[in-house]
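Here's a quick tour for anyone opening this one up for the first time. Take a look at the fold, then read on for the main points.

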Amino acid sequence: MTTPEPTANLHHASGIWSLVHAERAALAADLADLTDQQWATLSLCTGFNVRQVLAHLTAGASLNPVRWLAGVIRCRFDLDKQVAMRLAEQLGATPTETLARFRCVVTSTIKPPLPTAAMLGETIVHAEDIRRPLGIHRDYPITTLTRLANYYQGSDLVVLAKGRIVGLRLQASDGPFATGSGPLVSGSTLALIMAMVGRVAYCGELDGDGVATLRARCTTP
């Protein structure tokens with residue numbers, strides 16, 4: 001079961017799902033040969049290691065609106081508690097099982113009550129939360145990144161992004177993405193995305209008079 005999409009957006013959503021599936025498959029391939037020590041590496045997602053972030057992605061791809069709401073009620077509307085509960089459900093007994101569970105949802109179109117574009121964001125952002133600490137690099141298609149950057153510049157759903165870049169002008173150095181007005185923040189589309197969603201580690205890859213402001217906003221709870 002998935003969240004119904006308005007008829008006019010069905011083709012648009014289908015196009016985004018193909019990008020989500022491609023990114024999940026690429027991440028699964030990148031993690032195929034990790035050691036136990038690598039699985040235990042702290043991710044960029046505060047409080048979670050690499051294995052836990054992957055289990056969180058599996059949970060998101062397994063949770064339809066009915067199960068999501070049931071979990072919210074069960075956790076007494078504590079969303080952080082629901083995240084922890086669903087992560088534990090998908091972690092498995094070993095890293096091998098964690099990865100196997102993720103592989104089972106690579107082509108899933110199940111999602112909580114979120115826009116499909118938010119699922120692309122979850123996939124790419126959490127993939128970077130995993131890859132960067134492990135020193136794994138991916139050459140993302142620039143069209144995929146541009147689509148995601150354009151979504152985040154207009155949304156604060158799930159994570160603060162639109163509000164974090166108010167009063168700044170963002171300009172990608174490797175693609176067409178550009179938005180806003182004010183002091184400049186320039187860099188790769190990926191670095192701009194990750195900074196937009198609060199990953200301060202990527203601010204060091206950005207240039208311009210607005211970087212200090214964006215960095216400060218990334219470090220503010």
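Let's start in the middle: the largest nonpolar core has 55 residues, and Leu 31, Leu 54, Tyr 152 and Met 196 have the most contacts inside it. Two or more residues of this core come from each of helix H1 (10–30), H3, helix H6 (95–104), H7, helix H8 (142–152), E1, H9 and helix H10 (211–218). H7 gives the largest share, nine residues. Keep in mind that this is a predicted model.

**The overall layout**

- The protein chain has 10 helices and three strands.
- Reading from the N terminus, the elements go α-α-α-α-α-α-α-α-β-β-β-α-α.
- Of the chain's 221 residues, 48% count as buried.
- Take the contacts between residues at least 6 apart in sequence: 63% of them join residues at least 24 apart.
- As a bit of background, nonpolar side chains tend to be buried together in soluble globular proteins.

**Helix H9 and Met 196**

- How many of the residues of H9 are buried? Eight of its eight are, so the helix is mostly covered.
- The buried residues of H9 run through Thr 189, Leu 190, Ala 191, Leu 192, Ile 193, Met 194, Ala 195 and Met 196.
- These buried residues pack against H7, H8, E1, E3 and H10.
- Met 196, one of the residues with the most contacts inside the core, touches Ala 149, Tyr 152, Gln 153, Leu 160, Ala 161, Arg 164, Ile 165, Leu 170 and Phe 177, leaving aside its neighbours within four places in sequence.
- After H9 comes Gly 198, which has a positive phi, near 95°.

**The three strands**

- Strand E1 (residues 169–172) has side chains that alternate: Leu 170 and Ala 172 point to one face and are buried, while Arg 169 and Gln 171 point to the other and are not.
- E1 pairs with strand E2 (residues 178–180) in the antiparallel sense, over three bridges.
- Those two strands, E1 and E2, form a hairpin with five residues between them.
- E1 also runs parallel to strand E3 (residues 184–187), and four bridges join the two.
- Leu 170 has a partner in each neighbouring strand: Thr 179 stands opposite in E2, and Val 185 stands opposite in E3.

**The largest pocket**

- How much space lies in the largest pocket? The volume is about 1,300 Å³.
- The lining of the largest pocket has 43 residues, and the closest to its centre are His 56, Glu 122, His 126, Val 158 and Val 159.
- Helix H3 (50–60), helix H5 (79–91) and helix H7 (116–134) each supply at least two residues of that lining.
- By type, the lining of the largest pocket divides into 27 nonpolar, 10 polar and six charged residues.

**The second largest pocket**

- About 220 Å³ of space lies in the second largest pocket.
- This second pocket is lined by 16 residues, with Glu 128, His 137, Arg 138, Tyr 140 and Leu 190 nearest its centre.
- H7 and helix H9 (189–196) are the elements that give two or more residues to this lining.
- H7 supplies the largest share of the lining of the second largest pocket, three residues.
- The mix in this second lining is six nonpolar, three polar and seven charged residues.

**Two residues to click on**

- Val 20 lies in helix H1. Is Val 20 buried or exposed? Val 20 counts as buried because its relative accessibility is 0%, and the cut-off for buried is under 20%.
- Leaving out residues up to four places away in sequence, Val 20 touches Met 119, Leu 120 and Thr 123.
- Val 20 and Glu 122 are 102 residues apart in sequence, yet their C-alpha atoms are 9.1 Å apart in space. Glu 122 is among the residues closest to the centre of the largest pocket.
- Gln 90 has its place in helix H5. With a relative accessible area of 14%, Gln 90 is buried too.
- Which residues does Gln 90 touch, not counting those up to four places away in sequence? They are Ala 55, Thr 58, Ala 59, Ser 62, Thr 98 and Arg 101.

Key. Residues numbered from 1 in each chain as written. Predicted model: local features only at pLDDT ≥ 70, side-chain atom pairs only at ≥ 80, totals over all residues. Heavy atoms only, no water. 1 Å grid on protein atoms, 1.4 Å probe; cavity = no way out; pocket = protein on both sides within 12 Å on 5 of 7 lines; lining within 4 Å. Points joined across faces, edges and corners; volume = space filled by probe spheres on them. Nonpolar A, V, L, I, M, F, W, Y, C, P; charged D, E, K, R; others polar. Buried < 20%, exposed > 50% of the residue type's maximum accessible area, 1.4 Å probe, protein only. Contact = heavy atoms within 4.5 Å. Pairing = 2+ DSSP bridges. Core = buried A, V, L, I, M, F, W, Y, C linked by side-chain atoms within 4.5 Å.
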